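Thanks for coming. Please have the sequence and the structure open while I talk.

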Amino acid sequence: MDGNSRDEDRVEKGFNPEEEYAKNNKEVKGDEMSVEQIFESQEVPSWRKQLTMRAFVVSFVLSILFSFIVMKLNLTTGIIPSLNVSAGLLGFFFVKTWTKLLDKSGLLKQPFTRQENTVIQTCVVASSGIAFSGGFGSYLFGMSERIAKQSGDTGGFKNPSLGWIVGFLLVVSFLGLFSAVPLRKIMVIDFKLTYPSGTATAHLINSFHTPRGAKLAKKQVKTLGKFFSFSFLWGFFQWFFTAGDHCGFVSFPTFGLKAYKNKFYFDFSATYVGVGMICPYIINISVLLGGILSWGLMWPLIETRKGDWYPADLPPNNMHGLQGYKVFIAIAMILGDGLYNFFKVLSRTLTGLFYQVRGRQTLPIANQPSPDTSKKLSYDDQRRTQLFLKDQIPTWFSIAGYVTIAAISTIVLPHLFHELKWYYILVIYIFAPTLAFCNAYGSGLTDWSLASTYGKLAIFTIGGWAGSHGGVLAGLAACGVMMNIVSTASDLMQDFKTGYLTLASPRSMFISQVIGTAMGCIVSPCVFWLFYKAFDDLGFPDSQYPAPNAIVFRNMSLLGVQGFSSLPKNCLLLCYVFFGAAILINFVKDMLGKKWGSFIPLPMAMAIPFYIGPYFAIDMCVGSLILFVWEKINKAKADAFGPAVASGLICGDGIWTLPNSILALAGVKPPICMKFLSKAANGRVDTFLKS
């Protein structure tokens, strides 16, 4: 699951200022005071004053922190939960502390506003988002020789290098921003799309700047800090016992040695306990069910057919052996799920557009007055619309920006990837704005970004077009171009929605997104490079960082070029079965409706452990169990502090990877190897030592 929580429904919890007033100020005019009435006495700063130096200093620090977290998640499982709560909390905490110190010393010139808070949020999410859309755990690392050898692929490779990675990201990461800018009024004001994550983030930021919300935020930050410290120190403590392979707490055979061999164990990962607390219960259960189905039933059964279905003398990681079944069946489920959801979201998008346009008789146009003015707007909507339309970004500017960057990248990319011809790139750029619109609209309706699905579409179309002459690398590079465009377009539209609800200017939102993207193009490659140089086994199946999506994307590209000829015996039949099953499960889930459909597992989540094993699913289910028990004991407290606890666990363990990488680069080895052996193996070791 790519992303960022970007591929699943995300639930954000925060204090709502409307609820605050409902509890404390019911006497005003006999009605509940609206959000903007609460903030009516506060002056809205101009778009230039929303872009402060302190906001970008804090954003830069937080972007490094979150890039480490997203990179670690990318290179371990590929499951990335929404980190908006922790980004919002930490941004509020840092600037609030900064302004409080300046205020006490009499040097404070500008107070901290919710608009500035929104700028920080936008910048941090844009920067850390590059760690996902940059493909460091998927298409980009899939180009490497290391992954090519594991795939048994002779279709060429391009090893990671800091120079070309930064250059590649700089020429492809800004296109989505310019393609989305003309849509901001149409999506947010004319179509009134909800953008659930953007709306939830706005409620969170608005709540921080009310008196009661600020008190709660202070307590949440304190809780986050406690669990951040615990998680960081726990990671440091575990390091002392990992002097060799399969050493330390991460190799503790929780359910016995046989289960451990099949990847069923609790590995004491604070990160994935935290991820489990953030992800909905059904995702965690789906991942565990996928692990039981694959590593508990299918792979042991297929292994008994060794010598019949595949040669018995093949090494474990050969793609023509058991490894091939693991990878290609996972790909079949991912493609089945992605294809179903692509058509589901596309149909909703087209249906929604049809009704929107039919209701107005004319299409809304950017920078033009809305044709439908019959409905009386509330005070909040009037104020928000007035300020949202105040600072226009000219349409000519976005078109000129898109054309200029597209022209530059069409010239530059063939020099970075000789297999990616200029006319492939031109075709992508012609269709990309339409796909970016579909993704941004679908994301507004469902909170579901299909960036990775559009990327896979590019893999098969461009890879198949290029054929055997460099098609594998051409497909992966095309995937990167497409993913960056559609991902940043939907992200920017979510940010525009957040800005609309917090009265932040579209100009400040756009500039913050551009600066955040530029930060990400530098920070994310540097963070990846640190991982790549520090951990020599990065990308291998049994390593600390197996990067499972890298081999999945590589083999998708291989499949697009070679067809089904490279699959082991009966693998294609099993792929058909699981491809169909993924579509059927999704169909049944939708037919049952929201109430009963919520109990049906998600095929995309089920496919994740097929390749790397279910050990992280057990961590996530432990996180779910903790949250479930907490909600039973005190639901209000769990709702208020659960995201802070989870964020602290994720951030602490994530930032531990920085000193861990530095220690590895410096050649500092842990002093102890804690290993768990069977009774017979232990007896042999004792006998050997005595002799």
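Let's begin where helix 22 meets helix 23. From helix 22, the residues in contact are Thr488, Asp491, Leu492, Asp495, Phe496 and Gly499, and from helix 23 they are Pro506, Met509, Phe510 and Gln513. Sorted by class, this contact between helix 22 and helix 23 has five nonpolar, three polar and two charged residues. I should say now that the model is a predicted one.

How do the two axes lie? Helix 22 covers residues 471-502 and helix 23 covers residues 506-534; their axes come within 10 Å and cross at roughly 145°. The crossing of helix 22 and helix 23 is right-handed.

Between helix 22 and helix 23 there is a loop, and Leu503 sits in it. Leu503 is not a glycine, yet its phi is positive, about 65°. Is Leu503 buried or exposed? Its relative accessible area is 3%, and under 20% counts as buried, so Leu503 is buried.

Helix 22 has another partner to look at, helix 24, which runs over residues 548-562. The axes of helix 22 and helix 24 come within 8 Å, and the crossing angle is roughly 120°. Helix 22 and helix 24 are therefore oblique to each other. This crossing of helix 22 and helix 24 is also described as right-handed.

Which residues of helix 22 meet helix 24? They are Gly471, Val472, Leu473, Gly475, Leu476, Cys479 and Met483. On the helix 24 side they are Phe553, Arg554, Ser557, Leu558 and Val561. By class, the contact of helix 22 with helix 24 has eight nonpolar, three polar and one charged residues.

After helix 24, go to the loop that leads to helix 25, residues 571-591; Asn570 is in that loop. Asn570 has a positive phi of about 65° and is not a glycine. With a relative accessible area of 30%, Asn570 counts as partly exposed, because partly exposed lies between 20% and 50%.

Now step back along the chain to helix 21, residues 451-466. How far does helix 21 reach from its first C-alpha to its last? It has 16 residues and reaches 22 Å, close to the 22 Å expected at 1.5 Å a residue. Its buried residues include Ala451, Ser452, Thr453, Tyr454, Gly455 and Lys456. Further along helix 21, Ala458, Ile459, Ile462, Gly463 and Ala466 are buried as well. Just after helix 21 comes Gly467, with a positive phi of about 70°.

Helix 12 allows a similar length check. It has 13 residues, 196-208, and at 1.5 Å a residue it should span 18 Å; its end C-alpha atoms are 19 Å apart, which agrees. How many of the residues of helix 12 are buried? The number is 11 of the 13, so helix 12 is largely enclosed by the rest of the structure. Among the buried residues are Ser197, Gly198, Thr199, Ala200, Thr201 and Ala202. Leu204, Ile205, Asn206, Ser207 and Phe208 of helix 12 are buried too.

Next is another helix pair, helix 5 and helix 6. Their axes come within 9 Å and cross at roughly 130°. Helix 5 and helix 6 are therefore oblique to each other, and helix 5 passes helix 6 in a right-handed crossing. Helix 5 contributes Asn84, Ala87, Gly88, Gly91, Phe92 and Val95 to the contact, while helix 6 contributes Glu116, Asn117, Ile120, Gln121, Val124 and Val125. By class, the contact of helix 5 with helix 6 has six nonpolar, five polar and one charged residues.

Thr113 lies in the loop between helix 5, 84-104, and helix 6, 114-133. Its relative accessibility is 13%, so Thr113 counts as buried. What does Thr113 touch, leaving aside its neighbours within four places in sequence? The contacts are Pro45 and His209.

My last stop is Phe610, in helix 28, residues 609-612. Phe610 has 0% relative accessibility, so it counts as buried. Phe610 and Gly291 are 319 residues apart in sequence, and their C-alpha atoms are 6.3 Å apart in space. Not counting residues up to four places away in sequence, Phe610 touches Gly290, Leu293, Ser294, Trp295, Trp299, Lys326, Ile329, Ala330, Met333 and Phe578.

Methods: Residues numbered from 1 in each chain as written. Predicted model: local features only at pLDDT ≥ 70, side-chain atom pairs only at ≥ 80, totals over all residues. Heavy atoms only, no water. Helix = DSSP H or I, 4+ residues; strand = E, 2+ residues; numbered from the N terminus. Expected span 1.5 Å × (residues − 1). Buried < 20%, exposed > 50% of the residue type's maximum accessible area, 1.4 Å probe, protein only. Axes fitted to C-alpha atoms, helices over the stretch in contact; angles between N-to-C directions. Left-handed = near helix turned anticlockwise from the far one by under 90°. Contact = heavy atoms within 4.5 Å. Nonpolar A, V, L, I, M, F, W, Y, C, P; charged D, E, K, R; others polar. Parallel < 35°, antiparallel > 145°, perpendicular 65-115°, else oblique.
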